[in-house]
Amino acid sequence: MLSTKRRFYNELSILTDSAVGEFQHNLSKIADQGALWRVAHPINEMVGTAEAAGKIYAPLKTALPDLERRDLVFVGGQYEDRQYIAAVGHYCGTFKNDWLTIPAHGQSIHLRYGEVYEIKDGNIVQANLLWDILDFIRQAGFWPIAPSYGMEGMWFGPRTSDGIVLHETNPDISAASISQTLAMHKALFDFDQQAPSRDALLTMPQIHYWHPKMMWYGPSGIGTNRGLAGFVDYHQLPFRLAFQRPRGTPEEIAAERKKYNAGHYIRIGDGDYSVTGGWPSVCATHYGGGFAGMPPTGRKVTMRVMDFYHHHEGLIRENWVPLDMLDLLNQMGLNVMDRLQDQFERGRYRKENM
(Lines give C-alpha, C1' and ligand atoms only; values in the text may rest on other atoms or scores of the structure.)
Protein backbone atom coordinates (compact mmCIF):
# COMPACT_ATOMS: atom_id res chain seq x y z
CA MET A 1 0.00 0.00 0.00
CA LEU A 2 2.80 2.42 0.86
CA SER A 3 4.45 2.15 -2.56
CA THR A 4 1.04 2.56 -4.23
CA LYS A 5 0.33 5.73 -2.29
CA ARG A 6 3.71 7.21 -3.12
CA ARG A 7 3.36 6.37 -6.79
CA PHE A 8 -0.11 7.88 -7.20
CA TYR A 9 0.73 10.93 -5.11
CA ASN A 10 3.37 11.72 -7.73
CA GLU A 11 1.48 10.49 -10.78
CA LEU A 12 -1.69 12.50 -10.07
CA SER A 13 0.36 15.68 -9.73
CA ILE A 14 2.19 14.91 -12.97
CA LEU A 15 -1.18 14.32 -14.65
CA THR A 16 -2.45 17.83 -13.96
CA ASP A 17 0.84 19.26 -15.19
CA SER A 18 0.28 17.55 -18.56
CA ALA A 19 -0.48 19.41 -21.76
CA VAL A 20 -4.05 19.01 -23.03
CA GLY A 21 -2.97 16.65 -25.80
CA GLU A 22 -1.06 14.39 -23.39
CA PHE A 23 -3.89 13.48 -21.02
CA GLN A 24 -5.00 10.26 -22.70
CA HIS A 25 -1.45 8.95 -22.96
CA ASN A 26 -0.65 9.82 -19.35
CA LEU A 27 -3.93 8.41 -18.06
CA SER A 28 -3.19 5.13 -19.81
CA LYS A 29 -0.09 4.79 -17.61
CA ILE A 30 -2.13 4.78 -14.39
CA ALA A 31 -5.64 3.60 -15.33
CA ASP A 32 -7.20 0.60 -17.03
CA GLN A 33 -8.63 1.33 -20.45
CA GLY A 34 -12.04 0.23 -19.16
CA ALA A 35 -11.91 2.12 -15.85
CA LEU A 36 -15.14 3.68 -14.60
CA TRP A 37 -14.91 7.43 -13.99
CA ARG A 38 -17.57 8.98 -11.76
CA VAL A 39 -17.47 12.76 -11.48
CA ALA A 40 -19.69 15.40 -9.89
CA HIS A 41 -22.68 16.71 -11.87
CA PRO A 42 -22.87 17.89 -14.63
CA ILE A 43 -19.89 15.79 -15.79
CA ASN A 44 -21.12 12.49 -14.28
CA GLU A 45 -20.13 8.97 -15.39
CA MET A 46 -18.04 7.62 -18.26
CA VAL A 47 -15.84 4.66 -19.11
CA GLY A 48 -12.29 4.62 -20.44
CA THR A 49 -9.24 6.83 -20.54
CA ALA A 50 -10.21 8.51 -23.83
CA GLU A 51 -13.51 9.69 -22.36
CA ALA A 52 -11.85 10.76 -19.11
CA ALA A 53 -9.16 12.72 -20.94
CA GLY A 54 -11.63 14.43 -23.25
CA LYS A 55 -14.44 15.18 -20.81
CA ILE A 56 -12.75 15.55 -17.42
CA TYR A 57 -9.16 16.71 -17.61
CA ALA A 58 -8.70 18.47 -20.97
CA PRO A 59 -11.57 20.96 -20.42
CA LEU A 60 -10.30 21.83 -16.94
CA LYS A 61 -6.74 22.27 -18.19
CA THR A 62 -7.98 24.46 -21.04
CA ALA A 63 -9.86 26.62 -18.56
CA LEU A 64 -6.91 26.80 -16.13
CA PRO A 65 -3.76 26.55 -18.30
CA ASP A 66 -1.48 26.78 -15.23
CA LEU A 67 -3.44 24.03 -13.46
CA GLU A 68 -1.84 22.68 -10.29
CA ARG A 69 -2.92 20.00 -7.81
CA ARG A 70 -2.54 20.68 -4.07
CA ASP A 71 -3.44 17.85 -1.70
CA LEU A 72 -4.39 18.50 1.93
CA VAL A 73 -5.06 14.88 2.87
CA PHE A 74 -3.71 11.86 0.98
CA VAL A 75 -4.29 8.41 2.47
CA GLY A 76 -4.87 4.80 1.48
CA GLY A 77 -6.13 1.45 2.68
CA GLN A 78 -8.15 -1.66 1.92
CA TYR A 79 -11.86 -2.36 2.26
CA GLU A 80 -13.53 -5.67 1.35
CA ASP A 81 -10.37 -6.83 -0.47
CA ARG A 82 -10.32 -3.66 -2.58
CA GLN A 83 -7.38 -1.25 -2.46
CA TYR A 84 -8.02 2.49 -2.33
CA ILE A 85 -6.25 5.81 -2.23
CA ALA A 86 -8.17 8.91 -1.24
CA ALA A 87 -7.43 12.63 -1.24
CA VAL A 88 -8.86 16.03 -0.36
CA GLY A 89 -7.41 19.21 -1.77
CA HIS A 90 -7.71 21.98 -4.33
CA TYR A 91 -6.92 22.33 -8.00
CA CYS A 92 -5.52 25.85 -8.42
CA GLY A 93 -4.93 28.05 -11.43
CA THR A 94 -5.84 31.16 -13.38
CA PHE A 95 -9.34 31.02 -14.85
CA LYS A 96 -8.52 32.13 -18.40
CA ASN A 97 -11.07 30.21 -20.49
CA ASP A 98 -14.69 29.23 -19.86
CA TRP A 99 -15.38 25.89 -18.16
CA LEU A 100 -18.73 24.07 -18.20
CA THR A 101 -20.18 27.30 -19.67
CA ILE A 102 -18.98 29.25 -16.59
CA PRO A 103 -17.44 32.53 -17.85
CA ALA A 104 -13.72 32.98 -17.16
CA HIS A 105 -12.71 36.05 -15.13
CA GLY A 106 -8.95 35.87 -15.66
CA GLN A 107 -8.18 35.66 -11.94
CA SER A 108 -6.92 33.03 -9.53
CA ILE A 109 -9.43 30.32 -8.68
CA HIS A 110 -9.48 26.95 -6.95
CA LEU A 111 -11.57 23.82 -7.42
CA ARG A 112 -12.08 21.88 -4.21
CA TYR A 113 -12.00 18.09 -4.55
CA GLY A 114 -12.53 14.86 -2.72
CA GLU A 115 -11.22 11.92 -4.76
CA VAL A 116 -11.21 8.18 -4.18
CA TYR A 117 -9.47 5.75 -6.54
CA GLU A 118 -9.85 1.99 -6.51
CA ILE A 119 -6.54 0.40 -7.51
CA LYS A 120 -6.17 -3.11 -8.92
CA ASP A 121 -2.95 -4.62 -10.26
CA GLY A 122 -1.33 -1.19 -10.06
CA ASN A 123 -3.95 0.68 -12.10
CA ILE A 124 -7.07 2.71 -11.43
CA VAL A 125 -10.21 0.67 -12.12
CA GLN A 126 -12.68 3.15 -10.64
CA ALA A 127 -12.32 6.87 -9.98
CA ASN A 128 -14.76 8.84 -7.84
CA LEU A 129 -14.21 12.58 -8.21
CA LEU A 130 -16.42 14.85 -6.12
CA TRP A 131 -15.41 18.27 -7.39
CA ASP A 132 -17.12 21.27 -5.75
CA ILE A 133 -18.40 22.88 -8.93
CA LEU A 134 -20.87 25.06 -7.02
CA ASP A 135 -17.94 26.61 -5.14
CA PHE A 136 -16.15 27.22 -8.44
CA ILE A 137 -19.28 29.01 -9.69
CA ARG A 138 -19.29 31.12 -6.51
CA GLN A 139 -15.68 32.18 -7.04
CA ALA A 140 -16.49 33.07 -10.66
CA GLY A 141 -18.99 35.62 -9.35
CA PHE A 142 -22.33 33.85 -9.64
CA TRP A 143 -24.72 32.33 -7.10
CA PRO A 144 -27.93 30.40 -7.83
CA ILE A 145 -29.39 29.59 -4.39
CA ALA A 146 -29.98 31.10 -0.94
CA PRO A 147 -26.91 32.06 1.11
CA SER A 148 -25.16 29.25 2.95
CA TYR A 149 -25.72 28.95 6.69
CA GLY A 150 -22.03 28.16 7.22
CA MET A 151 -18.98 30.10 6.08
CA GLU A 152 -17.85 29.84 2.47
CA GLY A 153 -14.18 29.77 1.50
CA MET A 154 -11.16 27.54 0.97
CA TRP A 155 -10.92 24.53 3.29
CA PHE A 156 -8.12 24.41 5.85
CA GLY A 157 -5.62 21.59 5.95
CA PRO A 158 -5.32 19.39 9.06
CA ARG A 159 -4.56 21.08 12.37
CA THR A 160 -1.45 18.90 12.71
CA SER A 161 -0.16 19.53 9.15
CA ASP A 162 0.37 15.80 8.57
CA GLY A 163 -2.39 14.90 6.14
CA ILE A 164 -0.07 13.61 3.40
CA VAL A 165 0.44 10.08 4.73
CA LEU A 166 3.30 8.61 2.68
CA HIS A 167 4.81 6.59 5.51
CA GLU A 168 3.95 3.34 7.24
CA THR A 169 1.18 3.77 9.79
CA ASN A 170 0.41 1.69 12.85
CA PRO A 171 -2.35 -0.79 11.87
CA ASP A 172 -3.85 -0.62 15.36
CA ILE A 173 -4.18 3.17 15.14
CA SER A 174 -5.63 2.88 11.62
CA ALA A 175 -8.20 0.34 12.83
CA ALA A 176 -9.08 2.53 15.81
CA SER A 177 -9.63 5.54 13.53
CA ILE A 178 -12.16 3.85 11.24
CA SER A 179 -13.80 2.14 14.24
CA GLN A 180 -14.34 5.51 15.90
CA THR A 181 -15.86 6.89 12.71
CA LEU A 182 -18.26 3.96 12.36
CA ALA A 183 -19.25 4.20 16.03
CA MET A 184 -20.11 7.87 15.49
CA HIS A 185 -22.08 6.91 12.36
CA LYS A 186 -24.07 4.37 14.39
CA ALA A 187 -24.94 7.05 16.91
CA LEU A 188 -26.27 9.22 14.09
CA PHE A 189 -28.09 6.27 12.47
CA ASP A 190 -29.83 5.43 15.74
CA PHE A 191 -30.86 9.08 16.13
CA ASP A 192 -32.45 9.04 12.66
CA GLN A 193 -35.48 7.36 14.23
CA GLN A 194 -36.21 10.47 16.32
CA ALA A 195 -37.62 13.90 15.49
CA PRO A 196 -34.65 16.29 15.32
CA SER A 197 -34.29 19.23 17.68
CA ARG A 198 -31.37 21.44 18.64
CA ASP A 199 -31.23 20.24 22.24
CA ALA A 200 -31.43 16.59 21.22
CA LEU A 201 -28.62 16.94 18.68
CA LEU A 202 -26.38 18.74 21.17
CA THR A 203 -26.83 16.09 23.86
CA MET A 204 -27.19 12.83 21.90
CA PRO A 205 -24.23 10.39 21.87
CA GLN A 206 -22.41 12.14 19.00
CA ILE A 207 -21.08 14.50 21.67
CA HIS A 208 -18.75 11.71 22.82
CA TYR A 209 -16.95 11.56 19.45
CA TRP A 210 -16.38 15.18 18.40
CA HIS A 211 -13.45 17.28 19.64
CA PRO A 212 -14.41 20.53 21.45
CA LYS A 213 -12.58 22.44 18.72
CA MET A 214 -13.98 20.37 15.86
CA MET A 215 -14.06 21.76 12.34
CA TRP A 216 -16.69 20.57 9.88
CA TYR A 217 -15.79 21.53 6.32
CA GLY A 218 -18.93 21.36 4.19
CA PRO A 219 -19.45 21.84 0.47
CA SER A 220 -20.41 25.16 -1.03
CA GLY A 221 -24.08 25.78 -0.36
CA ILE A 222 -23.68 24.50 3.21
CA GLY A 223 -20.35 25.94 4.31
CA THR A 224 -17.82 25.38 7.08
CA ASN A 225 -18.70 25.30 10.79
CA ARG A 226 -16.73 25.14 14.06
CA GLY A 227 -17.64 23.32 17.26
CA LEU A 228 -20.57 21.02 17.86
CA ALA A 229 -22.95 23.95 18.35
CA GLY A 230 -21.86 25.48 15.05
CA PHE A 231 -22.21 22.12 13.32
CA VAL A 232 -25.72 21.61 14.73
CA ASP A 233 -26.94 25.17 14.12
CA TYR A 234 -25.57 25.75 10.65
CA HIS A 235 -25.74 22.31 9.11
CA GLN A 236 -26.98 19.31 11.03
CA LEU A 237 -30.34 20.60 12.27
CA PRO A 238 -31.35 22.42 9.03
CA PHE A 239 -30.28 19.35 7.05
CA ARG A 240 -32.26 16.93 9.20
CA LEU A 241 -35.33 19.17 9.10
CA ALA A 242 -35.15 19.17 5.30
CA PHE A 243 -34.30 15.51 4.66
CA GLN A 244 -35.82 12.50 6.34
CA ARG A 245 -33.86 9.28 6.02
CA PRO A 246 -35.64 5.90 5.93
CA ARG A 247 -37.29 4.92 9.18
CA GLY A 248 -38.59 1.66 10.58
CA THR A 249 -37.04 -1.63 11.56
CA PRO A 250 -33.41 -2.33 10.58
CA GLU A 251 -34.72 -4.68 7.90
CA GLU A 252 -37.08 -2.05 6.47
CA ILE A 253 -34.33 0.56 6.44
CA ALA A 254 -31.92 -1.84 4.72
CA ALA A 255 -34.54 -2.68 2.08
CA GLU A 256 -35.19 1.00 1.36
CA ARG A 257 -31.49 1.76 1.05
CA LYS A 258 -31.01 -1.22 -1.25
CA LYS A 259 -33.52 0.27 -3.72
CA TYR A 260 -31.09 3.14 -4.30
CA ASN A 261 -27.87 1.13 -3.89
CA ALA A 262 -27.06 3.45 -1.00
CA GLY A 263 -24.09 2.54 1.16
CA HIS A 264 -20.32 2.73 1.44
CA TYR A 265 -17.91 1.53 -1.22
CA ILE A 266 -14.98 2.71 0.92
CA ARG A 267 -14.23 2.45 4.64
CA ILE A 268 -10.55 2.85 5.43
CA GLY A 269 -8.33 3.96 8.26
CA ASP A 270 -4.78 5.21 7.72
CA GLY A 271 -3.09 6.31 10.92
CA ASP A 272 -4.98 9.28 12.34
CA TYR A 273 -7.24 9.55 9.29
CA SER A 274 -10.28 7.67 8.07
CA VAL A 275 -12.47 7.85 4.97
CA THR A 276 -15.96 6.68 4.09
CA GLY A 277 -17.95 7.30 0.93
CA GLY A 278 -20.80 6.14 -1.25
CA TRP A 279 -22.20 6.72 -4.73
CA PRO A 280 -24.72 7.33 -3.27
CA SER A 281 -24.20 6.91 0.45
CA VAL A 282 -27.48 8.58 1.51
CA CYS A 283 -31.09 8.19 0.41
CA ALA A 284 -33.79 10.41 1.87
CA THR A 285 -37.07 12.21 1.29
CA HIS A 286 -36.95 15.98 0.84
CA TYR A 287 -39.86 16.73 3.15
CA GLY A 288 -38.92 20.02 4.86
CA GLY A 289 -38.07 23.50 3.62
CA GLY A 290 -35.09 25.76 4.12
CA PHE A 291 -32.22 23.79 2.60
CA ALA A 292 -30.60 26.02 -0.05
CA GLY A 293 -33.72 28.20 0.24
CA MET A 294 -35.79 25.49 -1.42
CA PRO A 295 -39.38 24.64 -0.44
CA PRO A 296 -40.12 20.99 0.37
CA THR A 297 -40.71 18.87 -2.72
CA GLY A 298 -41.57 15.47 -1.26
CA ARG A 299 -39.09 13.92 -3.69
CA LYS A 300 -36.87 10.94 -3.02
CA VAL A 301 -33.23 11.98 -3.36
CA THR A 302 -29.83 10.36 -3.11
CA MET A 303 -26.52 11.98 -2.17
CA ARG A 304 -23.02 11.31 -3.47
CA VAL A 305 -20.89 11.95 -0.41
CA MET A 306 -17.38 11.38 0.93
CA ASP A 307 -16.24 11.94 4.51
CA PHE A 308 -12.58 12.42 5.44
CA TYR A 309 -11.91 12.41 9.19
CA HIS A 310 -8.94 13.53 11.25
CA HIS A 311 -8.68 11.83 14.62
CA HIS A 312 -6.75 13.88 17.18
CA GLU A 313 -6.44 13.75 20.96
CA GLY A 314 -8.74 10.72 21.06
CA LEU A 315 -11.63 12.39 19.22
CA ILE A 316 -12.72 13.42 15.72
CA ARG A 317 -11.24 16.88 15.31
CA GLU A 318 -11.88 17.57 11.61
CA ASN A 319 -14.31 16.35 8.98
CA TRP A 320 -14.03 17.30 5.29
CA VAL A 321 -17.26 16.52 3.42
CA PRO A 322 -17.27 16.59 -0.39
CA LEU A 323 -20.92 16.33 -1.50
CA ASP A 324 -22.30 16.62 -5.01
CA MET A 325 -24.56 19.62 -4.44
CA LEU A 326 -25.44 20.16 -8.10
CA ASP A 327 -26.64 16.56 -8.38
CA LEU A 328 -28.69 16.88 -5.18
CA LEU A 329 -30.26 20.18 -6.24
CA ASN A 330 -31.05 18.70 -9.64
CA GLN A 331 -33.01 15.91 -7.95
CA MET A 332 -34.86 18.57 -5.95
CA GLY A 333 -35.98 20.20 -9.21
CA LEU A 334 -33.33 22.90 -9.55
CA ASN A 335 -31.00 22.59 -12.53
CA VAL A 336 -28.32 25.04 -11.43
CA MET A 337 -26.53 25.19 -14.77
CA ASP A 338 -29.76 25.97 -16.63
CA ARG A 339 -30.75 28.60 -14.07
CA LEU A 340 -27.42 30.39 -14.43
CA GLN A 341 -27.19 30.57 -18.23
CA ASP A 342 -28.73 34.07 -18.41
CA GLN A 343 -26.34 35.27 -15.71
CA PHE A 344 -23.43 33.67 -17.52
CA GLU A 345 -24.36 35.45 -20.75
CA ARG A 346 -24.59 38.81 -18.98
CA GLY A 347 -21.22 38.12 -17.38
CA ARG A 348 -19.63 37.46 -20.76
CA TYR A 349 -21.23 40.58 -22.24
CA ARG A 350 -19.88 42.78 -19.43
CA LYS A 351 -16.40 41.31 -19.82
CA GLU A 352 -16.37 41.73 -23.61
CA ASN A 353 -17.57 45.35 -23.41
CA MET A 354 -15.34 46.61 -20.60
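In this predicted model, the second largest cavity is lined by Arg112, Tyr113, Gly114, Leu130, Trp131, Asp132, Trp155, Pro219, Pro322, Leu323 and Asp324. The space inside the second largest cavity comes to about 50 Å³. Two strands, E5 (108-120) and E6 (123-131), each contribute at least two residues to this lining, and E5 provides the largest share, with 3 residues. Sorted by class, the lining of the second largest cavity holds 7 nonpolar, 1 polar and 3 charged residues.

Two of these lining residues, Arg112 and Asp132, turn up again among the salt bridges. Together with Asp135, Arg138 and Glu152, Arg112 and Asp132 belong to one network of salt bridges that share partners. Within this group, Arg138 pairs with Asp135 at an N to O distance of 2.8 Å. Both residues sit in helix H4 (residues 133-139), and because they are 3 residues apart there, about one helical turn separates them. The two partners can be told apart by their accessibility: Asp135 is buried, at 0% relative accessibility, whereas Arg138 is partly exposed, at 26%.

The model contains 18 salt bridges, and two further pairs are worth a visit. Arg198 and Asp233 form a salt bridge in which the closest N and O atoms are 2.5 Å apart. This pair ties together distant parts of the chain, with Arg198 in helix H6 (residues 198-203) and Asp233 in helix H7, 35 residues apart. Arg198 is partly exposed, with a relative accessible area of 36%, and Asp233 is also partly exposed, at 27%. In the other pair, Arg70 meets Glu68, with 2.8 Å between the closest N and O atoms. Here Arg70 has a relative accessible area of 48% and is partly exposed; Glu68, at 33%, is likewise partly exposed.

Turning back to enclosed space, the search of the whole structure gives 3 cavities of 30 Å³ or more. The largest cavity holds about 110 Å³, and its lining is made up of Phe191, Asp192, Gln194, Pro196, Phe239, Arg240, Phe243, Gln244, Arg245, Arg247 and Tyr287. Helix H7 (227-242) and strand E9 (243-244) are the elements that give two or more residues to this lining. By class, the residues around the largest cavity are 5 nonpolar, 2 polar and 4 charged.

Open pockets complete the picture. The largest pocket has a volume of about 890 Å³, and 38 residues line it, with His185, Leu188, Arg245, His264 and Val282 closest to its centre. Two or more lining residues come from each of helix H5 (171-191), strand E7 (210-217), H7, helix H8 (250-259), strand E11 (273-286) and strand E12 (300-312). Of these elements, H5 supplies the largest share, 6 residues. The lining of the largest pocket divides into 20 nonpolar, 10 polar and 8 charged residues. Arg245 is a meeting point of sorts, since this residue also appears in the lining of the largest cavity.

The second largest pocket has a volume of about 240 Å³. Its lining comprises 17 residues, and Gly76, Gly77, Ser174, Gly269 and Asp270 lie nearest its centre. The elements giving two or more residues to this lining are helix H1 (2-17), strand E3 (68-79), H5 and strand E10 (266-270). By class, the second largest pocket is lined by 6 nonpolar, 7 polar and 4 charged residues.

Terms used. Residues numbered from 1 in each chain as written. Predicted model: local features only at pLDDT ≥ 70, side-chain atom pairs only at ≥ 80, totals over all residues. Heavy atoms only, no water. 1 Å grid on protein atoms, 1.4 Å probe; cavity = no way out; pocket = protein on both sides within 12 Å on 5 of 7 lines; lining within 4 Å. Points joined across faces, edges and corners; volume = space filled by probe spheres on them. Helix = DSSP H or I, 4+ residues; strand = E, 2+ residues; numbered from the N terminus. Nonpolar A, V, L, I, M, F, W, Y, C, P; charged D, E, K, R; others polar. Salt bridge = Lys/Arg side-chain N within 4 Å of Asp/Glu carboxyl O. Buried < 20%, exposed > 50% of the residue type's maximum accessible area, 1.4 Å probe, protein only.
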